[in-house]
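Me: Please take a close look at the cavities of this structure, with the largest cavity as the main subject. Please then relate that part to the sheets and loops described elsewhere in the chain.

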Amino acid sequence: MPRLSRRNFLKGAAGVGVGLTLTRLGFRYIDPSLPGAAEEEIFRYYAYASWEDLYREKWTWDKVTWGTHLVDCYPGGCSFRVYTKDGIVWREEQAGVYPQIEDGVPDMNPRGCQKGSCFSEVMYGAERLKYPLKRTGERGEGKWQRITWDEAFAEIADATLEAIDEDGPETIIYEFGSGNGGSVNGSAPAWRLMRLIGGTTLDSNGLTSDYNVGLYQTFGKFNFCSSIDDWYHSDLLLVWHMNPLYTRIPSAHYIAEARYHGTDIVSIAPDYNASSIHADLFVPVNPGTDAALALAMCKIIVEEGLVNEEFVREQTDLSLLVRADTQRFLREEDLEEDGREDQLYWLDEKTGDVVKAPRGSLDLEGRAPALNGSTEVTLRDGATVQVRPAFEIMRERISEYTVERAAEITGIRPGIIRNLAKKVAKAKAIHILQGFSVCKYYHGDLMERAMALLLALTGNFGRKGTGMRGWNSAQLVASNLLKTKPGLEGFLQFARNARETEKRILDEDDTRTEEMVLIETERLEVRGETVAEGIPATPLMVPPAFYWYHHAGYREVWNNPDWNDPGMKRTFDDYMDEAMERGWWDGLVRPAADKTPRVYLGVAGSTLRRTRGGFKQLLKHTWPNYKLIVSCDIRMSSTAAFSDIVLPAAGFYEKVDFRFPTAHTNFLTFTDKAVEPVGEAKPEWEIFALLARKIEDQAKARGIERYEDDSGRAYDLHDLYGTFTMGGAIKEHEGEKLADEMVKDTVRVGALPEKTDLKKVREEGIIRFTGLGADAVGVGLATDIRPGETISPLKWHVERKVPYPTYTRRIQFYIDHDWFLEAGEELPVHKPPPKMGGDFPLNMMSGHQRWSIHSTNVINQTLLRTHRGHPLVIMNPIDAEARGVKDGEEVRIFNDFEEFHIRTKFSSATQPGTVIVYHAWEPYQHRNWKSYDNVVPGMIKWLHLAGGYGHLNYWRWNWVQQQVDRAVRVEVEKMT
């Protein structure tokens, strides 16, 4: 049989049309490690006679396996069938195996999108990493040398041990991203290793800005969401700053099906996007003015007596009494010598008495807390003060949001605001699909708080078809992070430690709910009080803002008063210093300001692309200080291109894994090892187990097996590999064994059906969860998962009267933290976006593009052929004409922070004064490697440094500062 190189075959195939979309057909994979297998000839030619033969052969295969895509898409976890022939993935397609959950509600089929349907293009694409590489030129120069895995591990181990010995383990920085959302592999193995050696893991929500901070401020959590089929129960869907036809492709059919079922669909967005055209009403809102719209509707509902008062009294803090002199809640410590700081009060409407609001239950037990009126109380020092319900203050504050003023702010006609408010008041079940765009505005927290107020006033939480969309991913037990022993013994050991921690927390306050206990457990974890025997007390993760502030040059950026809220009373530094002095972030500032980061490890993420302004700030301030930069990924990202060592990870069809689950779909989704990894790529569990062994060996040789971090936590490397592999029970090549361990532990906590194991998962491909899991994130759903029913979150609070994990133990709209009072944000208000980037005439908006999930598919050749195939800025023709710019022309976009170049695309659906750049394009796809992120200063809101107040305390993924990138001010200039 003739042999032919891949390149020469493709040259010939292109001439006869064979290679249009099936460029890798006609080859049989040959393991390059086999004797006589030349590296450039790892494919064997098949003598196809014509394109018809290729088409016929497309429908033959050697085996079919389950597959899914381990990326952080929304909600993702789509089950696919993967077809393999001659050791190569031949094709993939949606599995269509999702059962109907509830009678009368459509099923979830078919789950999948165009990205998943051609992921194999990425597997075999030019960007795919196949071998360990070492930089030979300057960082970013593109000069590489292929090295062995052992050589790579040796260099990483040496740099790690030098950092530990000279500067401390906290100078080893670990970031993980959205590009490999596996559960067995992906980010978790390196995370486990960082805990064992004392490295600094940066909070992934702080890195991606996918955190609904306004929901957290209001509910004490943002980790709740309905299942996508629950949207069908709504009679009003407010698609608010979400474009599901781009970002929720597998789920968007529920919006159409709900509409056919009689649901009103309202699209509220700055642009007439692909989803808006399918709505019953489009509401074009000026960027960043959504709080004014929501509060104007709240005003109408309050003034016209349309408030669901029973819900407001029972579920919210608006019935709690506030002092007129300090604007703070009336507390027991105000009235009694040894009174509690967190015991608050009502005004009983029937008796006129001031009574304690229960802390252990939301049940009113026949009482009627007043929403209006005032009274006088005597303080413990004998002074008297007026108090009134927070509802009274809220009503006064929203009175300024007349429809006429709201129309001026938002650009929406008064009649539309009135009609929409009436529609909201009339609806029986309202769901807001607000996406992750809102939280990326500087004042996105105020926008989300105002939206939540609108739903609370109408009683639209805790029932089918109601609520707002947060996020939840916790039902699969993370055995690979928590356990030091395998099997039931390890599970019971972990359970004993958890029970001991729970007892300690309840001894402090026995009115805490299960959810509150689990949150406090998380806080102990992140502050370094271990609950896992045998695992050092390394903080689970820490907010990245302090790393950026001290080590990436953002201190100067964030102190620019012109780019911050004009209402800030002090400098950013003043707030940061106060937060540190008051100990709100003790133990979470890693590495400390006086410690220089030494080693960087990134897994499945690209910090130079993702960090807002990061390509400028990190390369200038942080990169020069790193002695070693390591990227582990399936593809050559921009960050990998600027790394010292690159490690190739196995692809999504090349290892056994589960896509991290989410209650949006509520299924555990399996991907099997359909083929061997390309080249020398390895699964991440194997990579970091072998690295642990190398660190252990070289630590012994150096004599630095035991050490402490700067907080006095002790570490011991003498059996690092043994601890990592749970006593050698799950070795580097036994990822499948770990997968089975995780499934069985999840069964043990009641979150998967009895007798489920990996064998059953492999047979069925998907398994529906039966419970919430074992940690605070899962329990945040606060609902029971029942057979034959969609998932509606927060039912425990509404039906069982379980308190919320907020300071007030209720849905909290009044935040009397001194910083919030100083800022005038104790209640939701509208504030315009600050002029981030400078005083320029255009607002630059962003969002996920239709053709990629993050940057995974940005050079997928099949997808690039479905659109213009390059980065572009969407402009209104009016703005373009004013600047003499033509469609498709390359322009310069700039502000006082930086600049980038991009081609234009005209659209009258974009508001004048606004330009849109869908992100995820790699910097290397732009002139001078400068992408849209280059003009984003990466501001954070100063109030998010607040702490020491109930739920305003950090825990994993919650109350974490995040950079914002919506409504950045720019100008567009014609290239000369």
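Reply: The account below begins with the enclosed space and then turns to the sheets, one arginine and the unusual backbone sites.

The model is a predicted one, and every value given here is computed from its coordinates.

Rolling a probe the size of a water molecule over the atoms shows where empty space is left. Counting cavities of 30 Å³ or more gives eleven. The largest cavity has a volume of about 350 Å³. Its lining is made up of 23 residues, and those closest to the centre of the cavity are H241, N243, S437, S846 and G847. Sorted by class, the lining of the largest cavity comprises ten polar residues, nine nonpolar residues and four charged residues. Glycine is counted among the polar residues in this scheme, a convention that applies to G847 in the list of residues closest to the centre.

Two sheets may be described next. One is an open sheet of five strands, in the order β12-β11-β10-β18-β19, and its pairing is parallel. The edges are taken by β12 (281-284) and β19 (467-468); each has a single partner strand, so one side of each is left without a neighbour in the sheet. At the β12 edge, strand β11 (residues 264-269) runs parallel to β12 and is joined to β12 by four bridges. Within this pair, A269 of the chain stands opposite P284 in β12.

The other sheet closes on itself. Six strands form a closed barrel in the order β28-β32-β29-β31-β30-β33, and here the pairing is mixed. On average, neighbouring strands of this sheet are turned by 45° against each other, with direction ignored. One of the pairs is formed by β29 (residues 872-875) and β31 (residues 899-906), which run parallel and are joined by four bridges. In that pair, V873 has T904 in β31 as its bridge partner.

A single arginine, R512, can be followed in detail. R512 lies in the loop between α18 (487-508) and α19 (514-526). Leaving aside residues up to four places away in sequence, R512 touches I505, L506, V517, E520 and R809. With I505 there is also a polar approach: the backbone oxygen of I505 lies 3.0 Å from a polar atom of the side chain of R512. Between R512 and D719, which are 207 residues apart along the chain, the C-alpha atoms are separated by 39 Å.

Three further loop sites concern backbone geometry. Y74 and P75 are joined by a cis peptide bond, with omega about -5°, and P75 lies in the loop between β3 (63-67) and β4 (80-85). The loop that follows β4 and leads to β5 (88-94) holds D86. Phi of D86 is near 55°, a positive value in a residue other than glycine. A cis peptide bond is also found from R590 to P591, where omega is near -10°. P591 is placed in the loop between α22 (572-581) and β20 (599-603).

Terms used: Residues are numbered from 1 along each chain as its sequence is written. This is a predicted model: local features need pLDDT of at least 70, side-chain atom pairs count only at pLDDT 80 or more; totals for chains, interfaces and linings use all residues. Side-chain values use heavy atoms; hydrogens and water are left out. On a 1 Å grid over the protein atoms alone, a cavity is a set of points where a 1.4 Å probe fits but cannot get out, and a pocket is an open set with protein on both sides within 12 Å along at least five of seven lines; lining residues have an atom within 4 Å of a point. Grid points are joined across faces, edges and corners, and a volume is the space filled by probe spheres set on the points. Two strands pair if DSSP finds at least two bridges between them. Axes are lines fitted to C-alpha atoms, for helices over the stretch in contact, and angles run from 0 to 180 degrees between N-to-C directions. Contact means heavy atoms within 4.5 Å. A polar contact is a pair of N or O atoms within 3.5 Å; within protein, one must be able to donate a hydrogen and the other to accept it, and residues adjacent in sequence count only if both atoms are side-chain atoms.
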